[in-house]
Amino acid sequence: MLAEMIGGTLSVDPGRIARKGRGDARTAFARHVAIYLACTRFGVTFTEAGRIFGRDRTTAAYACRRIEEARDGVRTDRLVEQLDRAVSARIGPAAGRERAA
């Protein structure tokens with residue numbers, strides 16, 4: 001679901017988000033956002049997020065750090081907030097939050 005929503009918003013084929021290899025910059029950014037939301041919205045661990053998106057734990061942690069830093073920019077913050085609201089509307093506002101730390 002995350003890959004579909006993020007892929008649609010960022011014009012990236014959802015299948016490319018979890019594909020091996022980095023891909024182009026747009027695909028890598030979409031993957032980073034997907035990993036970030038998996039961790040923050042669903043409360044999955046870096047290990048779980050890495051497994052879901054075909055990466056390892058350290059890559060998932062890196063993706064989350066990159067998005068946190070990028071959220072200092074207004075455009076990225078708005079985009080991530082918009083996607084988070086869309087995910088929340090689809091799954092319910094509290095889903096996964098009890099595990100998020």
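**View 1. Helix H3, checked end to end.** The expected span of a helix is 1.5 Å times one less than its number of residues. This model is a predicted one, and H3 gives that rule something to work on. With 18 residues at 1.5 Å a residue, H3 should span 26 Å, and its end C-alpha atoms sit 25 Å apart, so the two figures agree. H3 is also mostly covered, with 13 of its 18 residues buried. Just after H3 comes Gly 43, which has a positive phi, near 70 degrees.

**View 2. The largest pocket.** Here we look into about 240 Å³ of space. Which residues are the closest to the pocket's centre? They are Arg 22, Ala 28, His 32, Tyr 62 and Arg 66, out of 14 that line the pocket. Two elements each give two or more residues to this lining: helix H3 (25-42), the one from the first view, and helix H5 (57-70). Sorted by class, the lining has eight nonpolar, four charged and two polar residues.

**View 3. Stepping back to the whole chain.** How many helices and strands does the chain have? Six helices and zero strands, so to speak an α-α-α-α-α-α pattern when you read along the sequence. The C-alpha trace spans about 35 × 25 × 25 Å along its principal axes. A compact globule of 101 residues would have a radius of gyration near 13 Å, and the chain has 12 Å, which agrees.

**View 4. Burial and contacts in the chain.** Of the 101 residues, 41% count as buried. Take the contacts between residues at least 6 apart in sequence: 62% of them join residues at least 24 apart.

Terms used:
Residues numbered from 1 in each chain as written. Predicted model: local features only at pLDDT ≥ 70, side-chain atom pairs only at ≥ 80, totals over all residues. Heavy atoms only, no water. 1 Å grid on protein atoms, 1.4 Å probe; cavity = no way out; pocket = protein on both sides within 12 Å on 5 of 7 lines; lining within 4 Å. Points joined across faces, edges and corners; volume = space filled by probe spheres on them. Helix = DSSP H or I, 4+ residues; strand = E, 2+ residues; numbered from the N terminus. Nonpolar A, V, L, I, M, F, W, Y, C, P; charged D, E, K, R; others polar. Buried < 20%, exposed > 50% of the residue type's maximum accessible area, 1.4 Å probe, protein only. Rg over C-alpha atoms; globule rule 2.2 N^0.38 Å. Contact = heavy atoms within 4.5 Å.
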